[in-house]
Amino acid sequence: MKGRCAYILMGLLATLTWCGSTAYALERFPPPQFETDYVRPTPTLPSPHPPGHEHVAAVLLVVALAAAAYLVYRRRSRKALFGLMIVSLVVFGFIRNGCICPVGSIQNVTMTAFDNGYALPIGVLIFFAAPLVFTLFFGRIFCGAVCPLGAIQDAVLLRPVRVPRWLESGLRLMAYIYLGAAVLFAATGSLFIICRYDPFVGFFRLAGDWNILVLGACLLVIGLFVGRPYCRFLCPYGVILRQLSRLAQWRVTITPDDCIQCRLCEDSCPFGAIRAPTERWPQKQYRIAKARLAFLLVLLPILVAAGAWGGYRLRDTLARTHPQVRAAEHVHLEQSGQIQGTDDVVDAFRATGRDPQELYREAARIRDTFGLGSALFGAFLGLVVGGKLLSLAVQRRRDGYEAERASCFACGRCYSYCPKERQRLKKNGEAAVR
Amino acid sequence: MAEMLKQSDLGKHEIACRTAHATAKVAGVLSLIFLVLLVGNTVSTRVIAPARENRLAAMIAQLRSDPTNESLQSDIRQLDLSIRQTRLWRLTFARMGSHVLLLTIVIFLIASKTAASLAKGLPKPGPRRDAGRRQIHEAAVSRWAVVAAVIVATGAGWGLLEIYGPLAFVGAQSRGPAYASMAEKSMQWPRFRGPGGAGVTRFDNIPTQWNGPSGQGILWKTPVPLAGNNSPVVWDKRVFVSGATADQREVYCFDADSGQRLWTGDVPTSPAAGKKIEMSEDTGYAASSTATDGQRIYAIFATGDVAAFDFSGRRLWHKSLGVSENSYGYAASLETYQDRVIIQYDQGDPESSKSRVYALDGATGRTIWEAKRDVYSSWTSPIVVEVGGQAQLITVSNPWVIAYDPSGGAEIWRAKCVAGDTAPSPIYAGGLILAIEPYSQLVAVKPDGKGDVTASHVAWKMTESGPDICSPVGNDQFVYLLEGSGTLVCCNVADGKKLYSQDLKDSFMASPSLVGNKLYALSETGVMHIAEVVPEFKEIAKCELGEKTHASPAFAPGRIYIRGAGNLYCIGARP
């Protein structure tokens, strides 16, 4: 039955995309070409949000984060956390149309740092900072119960399959690339890539770009079997939260007491966050591991340098994301006769009456900025790869089953698998009856 | 009793489980139904609707050729209405359908999750394996997975590099702009009357002695195939002139050192050229001087044909502006600004609204901007000058002196201060725009205004002279007017006060020029009158060319280029 349901749902989710795109595809049509009695109404712009709208949303976010922290650490209730997750999905997703979200706010903050003319609204700052602050204390509670992007994936998870750890290690690099690219593009004023390619915002708005809806539908279909694929392998904000959660004051524990290693929770996490207790390596392995560690430490600066070089080589390709650079390229191709005719970009530029050389100079300046930015981007990726290899070369000691700090979304699924937790709940229930 | 209670609980669990399953099935079936309906809706929208719209478009096209067909009009209205109604209906259906679908999916998810939760059994851990070995193996495979991901990412980066390649404009940009700067132009003679149309050269090693008939001081003399009254344009080692007859238009490039004709560029005949052109004999078909931006040479003819050539003689483009409604024939010369060629194309009267200023893309001939002008036809040439760091395109035509922004064509200011058949071109001297009203006056306008500055920015008017053809020339102290009858008038540029007038006892069509502190005025008979630039007339020399001349001379370091009635002359010392 489960399998059949899952397959049906696959079709349904694809339909959701189709449906959204269908609504979108039915575009408005031109006015009639002959006179009619109909008086066309004057077009009006939608009213701006009332003052304080963003502040209310920011307060709601902080309240939701506080509630999540309470439910994870005090109540230890999966059901309550699921309820909060659904409320967040409705409020931050469907009601607020998925904007502003902390994931996208990375770009606003980056742009503020690099563009003196861009002021960061206080609401956006709170959306960016509040989950980070809560993560420093409570781990990734934002991901587990507040983020609408995570919630929609969690809601469709029906038949989780275990992703091999090696595959997860490889795929997770995508999130770092995404984060680096988002920062680079925002810093250069090119593109808000996270918002442009937000896979779920189309579902929240029941409308959107066809390609993005397909991307979102694919992720949801994958999400039927693979828990939160976007959060684990793509989310740029998740990358920051991963690192901060390692430093968290408190961490989610599967058991409220000492682990008795009953192994009942071993497969309870659909996100592969539960780690088994470790055993001491044989002496020979230690020697090999030490040599490997030394090699990787030497390799690290080489990887960073290679990444910087590769990034710098890609500067032209990356610079094309900037509209000014694209316009310069179009104008030049047309001027040099490499393309025939014209297009909107060239026409728009021509309409400004500006000198093409001025455009070229401006675009060349942006390209130079991309030279530095791309090199830093590449160096960052080199550092990430080196760091990842180093982390895989080091053994961490664990005496019982525990949720890995970086990977745990604090969803509370594992609580009920622990017999000690059940015992605690039973005692609490009896105490409540008494 | 306990057994019965347990059985009762089991029964409830079974009922809940079945209910959840049934709900999931119903929601799933409903979702499928809506899926089919929405797919059908989309197919209809994308396949059937366009066919009907095409039919409507065909009917509308038919109506254009048969506008009085009332039956067709009625059919169009009905079909248009039907299409609109259908599209509105489909739009509503798609919107509602997607909401219902979302609802059924939510119900399906809830029911499915409930059913899965109720059916969930106790976890059954598998046999305990060697954890240490497994962790070592996992770490090893993970490292290789990271390496593989790096290889994939590198491959993707390399692929992107291969697909998109480097940015082409960067090379173009590093080679410098595709046109000469104002500073570069000031070192050349890029248009009629040189840089900014001022008639002033910055070189003072210009010959003051020559004699055409004897060949003294004549570096070379070469015939120009077709006639033309346009003046030579000089860029480095090239001299450009154009020539035309009623059915032939040519641009010539001569070697500046030898006078050898390097190439001849044909300008095609537009259909408009077949039209009889109204013009005076003195004007001819090639009265307009060429202009260059350092990369290309541009030419315009009385037929309204404009063309651009590169310096190797390859014609880049040609376009026709149509024959100008101009009683003496089109005679305005071209100006360039950055990579665009500026054409003042005045014709008819203000009511006919036919006058324009065009800025054409030098590389393609495409119109970058054009400005309508409420003026009469004119024969003046536009000039681009820099005022307070901003470029202004100055035009003179009865009754307005108008300044435009040459970048986008926006009008900056205008002054109503000239009348009649304006032919002398304006100049910018002593911080003033100087324009001539033929047979009447010289007007000085301060160019720092906005809008209509007639009342506020006309600095002075000098009403004692008004040449009919020759343009003025001036510096920070004096401005010289040369009447066709031979009277040279010198005024103070600051206030327009007349300092002297001198009859040169000759007739003139070429405009005078300034070379340092010397004034050069070339008469119709080919005699160059050279005088000192001082508050009173002091003749320095008279040099005979031996050929009639109408065109103004061009200056280059150590040389003068003069176009005679049939020959092009270079005056200067042999290298």
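This is a short talk on the cores, the chain contact and the salt bridges of the structure above.

Hi everyone. Before we start, please keep in mind that this is a predicted model. I'll begin on the inside and then move to the place where the chains meet.

Let's start with the nonpolar residues. In soluble globular proteins, nonpolar side chains tend to be buried together. Here, the largest nonpolar core has 116 residues. If you want to find the residues with the most contacts inside that core, look for A:Val146, A:Phe200, A:Tyr237 and B:Phe169. And which helix gives the most to this core? That is helix α19 of chain A, residues 356–393, with 13 residues.

Zoom in on A:Tyr237 for a moment. Leaving out residues up to four places away in sequence, A:Tyr237 touches a list of residues that includes A:Pro102, A:Ile106, A:Phe128 and A:Phe142. Apart from the largest core lies another core, of 34 residues, and B:Ile206, B:Leu219, B:Tyr520 and B:Ala556 are among its members.

Next, a single residue to try out on your screen: A:Ile212, in helix α12 of chain A, residues 210–223. Is A:Ile212 buried or exposed? Its relative accessibility is 12%, and buried means under 20%, so A:Ile212 counts as buried. Setting aside neighbours within four places in sequence, A:Ile212 is in contact with A:Arg196, A:Tyr197, A:Asp198 and A:Pro199. Take A:Asp198 from that group: A:Asp198 and A:Ile212 are 14 residues apart along the chain, and their C-alpha atoms are separated by 7.3 Å.

Now to where chain A and chain B meet. How many residues does each chain bring to the contact? Chain B brings 80 residues and chain A brings 82 residues. The size of an interface is often given as the accessible area lost when the parts come together. Between chain B and chain A, the buried area is about 7,000 Å², and carbon and sulfur atoms give 67% of it. On the chain B side, B:Arg143, B:Leu167 and B:Phe169 supply 10% of the area that chain B buries against chain A, more than any other three residues. You may remember B:Phe169 from the largest core, where it is among the residues with the most contacts.

There are polar features here too. Across this interface there are two salt bridges. B:Arg366 and A:Glu334 meet through their side chains in a salt bridge, at 4.0 Å from N to O. Eight residue pairs are in polar contact between the chains. On the side of chain B that touches chain A, α2(B) gives the most, with 21 residues. That side divides into 40 nonpolar, 20 polar and 20 charged residues.

Finally, salt bridges over the whole structure: there are 30 over all chains. One joins the side chains of A:Glu168 and A:Arg232, at 3.2 Å from N to O. A:Glu168 sits in helix α8 and A:Arg232 in helix α13 of chain A, so this pair ties together parts that are 64 residues apart in sequence. Both residues are buried.

In chain B, the closest N and O atoms of B:Asp293 and B:Arg296 are 3.3 Å apart, in another salt bridge. B:Asp293 is buried at 0% relative accessibility, and B:Arg296 is buried at 10%. For contrast, look at B:Glu411 and B:Arg414, whose salt bridge has an N to O distance of 2.6 Å. B:Glu411 counts as partly exposed at 38%, whereas B:Arg414 is buried at 12%. Thanks for listening!

How values were computed
Residues numbered from 1 in each chain as written. Chains lettered and ligands numbered in written order. Predicted model: local features only at pLDDT ≥ 70, side-chain atom pairs only at ≥ 80, totals over all residues. Heavy atoms only, no water. Core = buried A, V, L, I, M, F, W, Y, C linked by side-chain atoms within 4.5 Å. Buried < 20%, exposed > 50% of the residue type's maximum accessible area, 1.4 Å probe, protein only. Helix = DSSP H or I, 4+ residues; strand = E, 2+ residues; numbered from the N terminus. Contact = heavy atoms within 4.5 Å. Buried area = accessible area lost by both parts, 1.4 Å probe. Polar contact = N/O pair within 3.5 Å; in protein donor to acceptor, adjacent residues only side chain to side chain. Nonpolar A, V, L, I, M, F, W, Y, C, P; charged D, E, K, R; others polar.
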